[in-house]
Amino acid sequence: MTQEDSRIFTIEEVEALIPRLSQIVGMQLLQQSEIERALGELARVLGELPESLEPRDSDPPEAARLKRELERRMLRYESGWHEVRQMGALIKDPQIGLLDFYGHIDGRLVHLCWRYGEDRLGYFHDLEAGYAGRRPLRGETRRRLMN
C-alpha cells in the first residue's frame, strides 16, 4: 500500500480499531514467541537452523513435525499481519506491535502512532520522524486533528 492510496484516519477512527488491534497484535506477539521457540527446538533437533522448512528425506521425524508446525504458525502469523494492514495500519515494528496510521494535523500528513498495550491513541509523529519522534496527542492537538 502506498501513501497515495492509503486511508487518512481521524483519532476517533483509530481508537475504534484499538480493541480489535489489541486482540490481533497480542496474538501476533504470542505467535512470534511460539515461532521463535519452535525454531530453537528445530535447531536443537537438527544441530543447526535449516536453510528452509522444506521437508527432507534425511529429517528425523521430530524435525519433520517441527517444520510442519512452523509452516502452519508462520502462515497464521502472516495472515494476522495481513488483517492489520487491511484495517489501514502500517506495521512499523512487529516485534513490539508498533503501528502507524496516516492522519492530518494542521493540514499536514502525519503518522498517528499506536503501540500494543496502549489503550488509546496517544501519539503522532512526522512521516520522517519515526518512533523516536513521537509527540503526545494532547487536548489541543486532538482538536486540531482533522480529515
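This short presentation describes the nonpolar core and a group of salt bridges in the structure shown above.

Good morning. Please keep in mind throughout that this is a predicted model.

Let me begin with the interior. The largest nonpolar core contains 30 residues. Within it, the residues with the most contacts are Leu-21, Val-84, Leu-99, Phe-101, Leu-112 and Leu-121. Which elements give two or more residues to this core? They are two helices, α1 (11-46) and α2 (61-86), together with two strands, β2 (98-105) and β3 (108-115). Helix α1 supplies the largest share, namely 11 residues.

Leu-21 serves as an example. Leaving aside residues up to four places away in sequence, Leu-21 touches Gly-26, Val-84, Met-87, Leu-99, Phe-101 and Trp-114. Among these neighbours, Val-84, Leu-99 and Phe-101 are also listed with the residues that have the most contacts inside the core.

I now turn to the charged side chains. The structure holds 14 salt bridges, and I shall follow a few of them, starting at Arg-37.

Arg-37 forms a salt bridge with Glu-34, and their closest N and O atoms are 3.1 Å apart. Both residues belong to helix α1, where they are three residues apart, or about one turn of the helix. Are these two residues buried, exposed or partly exposed? Arg-37 has a relative accessibility of 40%, so it counts as partly exposed. Glu-34, with a relative accessible area of 23%, is partly exposed as well.

Arg-37 has another partner, Glu-69, and here the N to O distance is 2.9 Å. This pair links distant parts of the chain, since Arg-37 lies in helix α1 and Glu-69 in helix α2, 32 residues apart. Why does Glu-69 count as buried? The limit for that term is under 20% relative accessible area, and Glu-69 counts as buried because its relative accessibility is 10%.

From Glu-69 we may continue along helix α2. Glu-69 also forms a salt bridge with Arg-73, the closest N and O atoms being 3.2 Å apart. Arg-73 and Glu-69 are four residues apart in helix α2, which means that about one helical turn separates them. Both Arg-73 and Glu-69 are buried.

What do these pairs form when they are taken together? Through shared partners, salt bridges join Glu-34, Arg-37, Glu-62, Arg-65, Glu-69 and Arg-73 into one network.

To close, I would ask you to find two things in the structure: the core of 30 residues, and the salt bridge from Arg-37 in helix α1 to Glu-69 in helix α2. Thank you for your attention.

Note on methods:
Residues numbered from 1 in each chain as written. Predicted model: local features only at pLDDT ≥ 70, side-chain atom pairs only at ≥ 80, totals over all residues. Heavy atoms only, no water. Core = buried A, V, L, I, M, F, W, Y, C linked by side-chain atoms within 4.5 Å. Buried < 20%, exposed > 50% of the residue type's maximum accessible area, 1.4 Å probe, protein only. Contact = heavy atoms within 4.5 Å. Salt bridge = Lys/Arg side-chain N within 4 Å of Asp/Glu carboxyl O.
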